[in-house]
Amino acid sequence: TAVTDTAPAQKATPTLPDAQTVTFVKHWTDRLFSFRVSRPASLRFRSGEFVMIGLMGDPDEKTGRQKPILRAYSIASPSWDEELEFYSIKVPDGPLTSRLQKIEVGDQIILRPKPVGTLVHDALLPGKRLWFFATGTGFAPFASLLREPQTYEDYDEVVITHTCRTLGELTYGAQLIEDLKTDELLNELIGEGFWKKIRYYPTTTREESPKMGRITDLMRSGEVFADLDIAPINPETDRGMVCGNLAFNIEIKELLEGYGLEEGANSDPKHYVVEKAFVD
Ligand code: A2P
């Protein structure tokens with residue numbers, strides 16, 4: 001930057017605390033959008049973690065003071081990316097998302113640079129096959145982990161299941177997985193054709209598609225294992241990461257425990273880990 005002897009220009013808008021600038025926005029459906037923001041130079045995180053992000057709320061009617069509205073959002077970009085990506089639902093009367101859905105390139109959001117979370121490789125014991133179980137925007141941490149080299153270094157096979165209401169709601173994930181085939185970094189680091197390790201298993205529940213039904217039901221019936229031509233989940237070989245709505249997380253936990261898997265944590269790695277997808 002140039003050194004000048006003139007006074008710095010007056011800022012048009014007051015600077016937000018922990019402000020980051022929006023660099024990209026894409027609306028996938030009337031309920032879903034993704035966006036990218038600048039990354040604080042000092043922010044280090046592990047693929048799969050989340051941070052608190054948000055916007056300034058309206059001024060308080062009496063005091064005029066503004067408070068930030070913050071929510072936990074999984075970082076959807078991998079740890080090596082220069083920017084940060086997020087994948088969000090739009091809730092018409094949601095305190096944050098009703099406003100966040102209106103952001104445009106050049107706008108600022110608040111991002112507290114303190115990443116945390118359990119959907120990290122460190123929380124799992126070594127295994128052969130890694131399962132990612134997602135519903136809706138629960139795909140976000142897996143968007144990060146699917147672009148993370150360690151995922152393919154540590155496992156022979158990665159199964160990503162994504163259950164959504166409609167085909168349109170699968171598009172963000174489907175596109176991301178398709179783009180992995182030509183991902184220069186991963187092809188170079190892991191080897192050409194690394195993406196053949198990925199088994200993508202999308203399902204819909206409220207719109208006709210090649211595979212219909214909740215993944216939980218397809219696991220109970222054994223259909224998912226038959227479709228993928230793999231053995232049922234087993235604690236010797238299989239590891240799991242789960243991210244979806246609360247009811248889904250509870251059902252998948254029960255199923256995984258039924259196969260003999262135990263829940264892990266950062267300080268106590270085991271066979272599977274769970275995190276709730278953001279809802280507003
Ligand atoms: P369904 O349409 O049968 O409710 P949402 O958009 O409401 O967050 O849901 C995302 C997807 O997760 C939907 O396809 C929904 O199916 C599915 N889902 C909701 N609850 C469960 C559950 N307990 N087990 C499996 N899938 C679920």
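A residue counts as near a molecule or strand if its C-beta atom, placed from the backbone, lies within 6 Å of it. Helices (H or I, at least four residues) and strands (E, at least two) are DSSP runs, numbered from the N terminus.

Quick housekeeping. This is a predicted model: local features need pLDDT of at least 70, side-chain atom pairs count only at pLDDT 80 or more, and totals for chains, interfaces and linings use all residues. Residues are numbered from 1 along each chain as its sequence is written.

Start with the ligand. Its shell holds 13 residues. Thr135, Thr205, Arg214, Ala247 and Phe248 are the closest. Two or more residues come from each of β8 (157-164) and α8 (246-258). Which element gives the most to the shell? That is α8, with three residues.

Now α8 itself. Its 13 residues should span 18 Å at 1.5 Å a residue (1.5 Å times one less than the number of residues). The end C-alpha atoms are 18 Å apart, which agrees. Phe248, Ile252 and Leu256 are buried (20 or more other C-beta atoms within 10 Å of their own, C-beta atoms being placed from the backbone). Seen down the axis, the buried residues of α8 fall within an arc of 60 degrees (taken from the directions from the helix axis to the C-beta atoms), so they line one face of the helix. On the other side, Leu246, Ala247, Glu254 and Gly258 are exposed (12 or fewer).

Last, the sheet. Six strands form an open sheet, in the order β4-β3-β6-β1-β2-β5, with antiparallel pairing (at least two DSSP bridges between two strands). β4 (68-74) and β5 (83-89) stand at the edges, each with a single partner strand, so one side of each is left without a neighbour in the sheet. Three bridges join β1 (residues 19-27) to β6 (residues 108-116). Thr21 has Gln108 as its bridge partner in β6.
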